Amino acid sequence: MENLLGLLRIHVTRGIDLAIRDIRSSDPYVVVKMGKQKVKTRVIKQNINPEWNDDLTLSVADPNLPVLIKVYDKDTFSLDDKMGDAEFDIRQFIEVVRMQLDNLPNGTIISKVQPSRENCLAEESCIVWANGKVIQNMFLRLRHVESGEVELRLEWIDVPGSRGM
């Protein structure tokens, strides 16, 4: 607990144009890893454009660790099929959280992250002040697969008694 900065809530919104791994569709779910932590969404049956709307939470001690996203197709009688992966880093998001902003107009864009070869962003990602919190929406283009993107929203949660920002 003494190394904990806080919690990162990742809202896994949806998948877009995911790869087909079964006969006509897929049964996708998302695994999110950071360091030794691993959390996952529920499985959405027979859908290559799933809407999970699942909230996953990771504890953050080292903001330099990347967050890895892996998408799988759930199979009953064999190993789950890989449907691509992506990773992103939270350093710029954490820098904005550390600014300890308050009372900004709702929707204020604080920072922008551009897509590049160093990240998996499909488009520009804005870090925004919304409803009294810093959030970041992002679309990640999946690697090692023929198609697919995953939409996420990041939100920071302070933990009483943690090292904090």
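Here is a short conversation about a predicted model of a protein chain.

Reader: I'm new here, so what is the secondary structure of the protein chain made of?

Author: Welcome! The count comes to 1 helix and 10 strands. Reading from the N terminus, the order is β-β-β-β-β-β-α-β-β-β-β.

Reader: What makes the protein chain as compact as a globular protein of that length?

Author: The radius of gyration is 16 Å, and the globule rule gives 15 Å for 165 residues. The two values are close, so the chain counts as compact in the way a globular protein of that length is. As for its extent, the C-alpha atoms fill a box of roughly 50 × 30 × 30 Å along the principal axes. Of the 165 residues, 45% count as buried.

Reader: Let's look at the rings. Why is the pair of Tyr-29 and Tyr-72 called stacked?

Author: Good one to ask! A pair of aromatic rings is described by the distance of the centres and the angle of the planes. Rings pair if their centres lie within 6.5 Å, and the centres of Tyr-29 and Tyr-72 are 5.6 Å apart. Planes under 30 degrees apart count as stacked; here the planes stand at 25°, so the pair is stacked. The structure holds 1 aromatic pair.

Reader: What makes this a link between distant parts of the chain?

Author: Tyr-29 belongs to strand β2 (residues 28-34) and Tyr-72 to strand β5 (residues 67-73), which places the two residues 43 residues apart.

Reader: How do you know whether Tyr-29 is buried or exposed?

Author: By its relative accessible area, which is 8%. Buried means under 20%, so Tyr-29 is buried. Tyr-72, with a relative accessible area of 17%, is also under that cut-off and therefore buried.

Reader: How do you know that β2 and β5 pair?

Author: Two strands pair if there are at least two bridges between them. In this case 6 bridges join β2 to β5, and the two strands run antiparallel. Along the way, Val-32 stands opposite Ile-69 in β5.

Reader: Which sheet do β2 and β5 belong to?

Author: They sit in an open sheet of 4 strands, ordered β3-β2-β5-β6, with antiparallel pairing.

Reader: And why are β3 and β6 called edge strands?

Author: Strands β3 (37-40) and β6 (81-88) each pair on one side only. Neighbouring strands of the sheet are turned by 20° against each other on average, direction ignored.

Conventions: Residues numbered from 1 in each chain as written. Predicted model: local features only at pLDDT ≥ 70, side-chain atom pairs only at ≥ 80, totals over all residues. Heavy atoms only, no water. Phe/Tyr/Trp six-rings, centres within 6.5 Å; stacked < 30°, edge-to-face > 60°. Buried < 20%, exposed > 50% of the residue type's maximum accessible area, 1.4 Å probe, protein only. Axes fitted to C-alpha atoms, helices over the stretch in contact; angles between N-to-C directions. Rg over C-alpha atoms; globule rule 2.2 N^0.38 Å.
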